[in-house]
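User: I'm new to reading protein structures and would like a close look at one single part. Could you walk me through it and then show me how it fits into the whole?

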Amino acid sequence: MTARDRWIDEGMTALREGGAANVRVDRIAASLGLTKGSFHHHFRGVNDFHRALLRRYELDSKDAIEGAARAGADLPAEQALMALPTRVALDPRLEAAIRGWALENEEAGSTQARVDSARLDALVDLWQRILPDPARARTAALVPHLLTIGASVAKPTLTKAELDDVFALLVSLVPAVR
């Protein structure tokens, strides 16, 4: 792992643990045992570092979405929907941190919008296997999409078991949606 990757990994940890305000070069350098000179060797400043963190979040999120879509492609749509929580492991603390950052930072907001759009598109594709009407499929897709967003910022934080149970309930309602 390169020093640049270590900076980004530790930046993501700092973001997850305390939001954007916690992404401080001095703290991260101390945690990594690196110098600020190392930081400036790998990044053109704090804004460049922030962009790298947002790129990592977006790439990781899109990889998870694409992986879940591939894994569910051969399953019946209801089973693919049920498997989403296990295939797309959202970190509620990181999701909440990014969403909070997105409220005050335009670039974070744009990143979050692209991730949300990709997630919703994947859900619409899944629901279109159940509901042929595109408008109805989009409405149905909004349910797990908004549920996931709400779960990411809910206090107290939902456990994985609770989120799995909510998705199980949602899948049990699929026949009623048809």
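Analyst: Happy to! Let's begin with the whole chain. Among the contacts in the protein with a separation of 6 or more, 64% are between residues 24 or more positions apart. Please keep in mind that this is a predicted model.

Next, the overall build. The protein has 10 helices and 0 strands, so reading from the N terminus on, the order of elements is α-α-α-α-α-α-α-α-α-α. Its C-alpha trace spans about 60 × 30 × 30 Å along the principal axes.

Now let's zoom in on Glu95. This residue belongs to helix α6, which covers residues 92-104. Is Glu95 buried or exposed? Its relative accessibility is 4%, and because buried means under 20%, Glu95 counts as buried. In the protein, 39% of the 178 residues count as buried.

What surrounds Glu95? Leaving out residues up to four places away in sequence, Glu95 touches Tyr57, Leu90, Gln112, Arg119 and Ser152. Arg119 deserves a second look: a polar contact of 2.8 Å links its side chain with that of Glu95.

Finally, let's step back to charges and surface. The protein has 23 positive and 24 negative charges, and the mean positions of these two groups lie 3 Å apart. As for the outside, about 9,700 Å² of the protein is exposed, with 56% of that area supplied by carbon and sulfur atoms.

Key. Residues are numbered from 1 along each chain as its sequence is written. This is a predicted model: local features need pLDDT of at least 70, side-chain atom pairs count only at pLDDT 80 or more; totals for chains, interfaces and linings use all residues. Side-chain values use heavy atoms; hydrogens and water are left out. Helices (H or I, at least four residues) and strands (E, at least two) are DSSP runs, numbered from the N terminus. Buried means under 20% relative accessible area, exposed over 50%, partly exposed in between (1.4 Å probe, protein chains only). A polar contact is a pair of N or O atoms within 3.5 Å; within protein, one must be able to donate a hydrogen and the other to accept it, and residues adjacent in sequence count only if both atoms are side-chain atoms. Contact means heavy atoms within 4.5 Å. Accessible areas come from the Shrake-Rupley method with a 1.4 Å probe; for residues, only the protein chains shown count as cover. Lys and Arg count as positive and Asp and Glu as negative; His and the chain ends are not counted. The place of a charge is taken as NZ of Lys, CZ of Arg, CG of Asp or CD of Glu.
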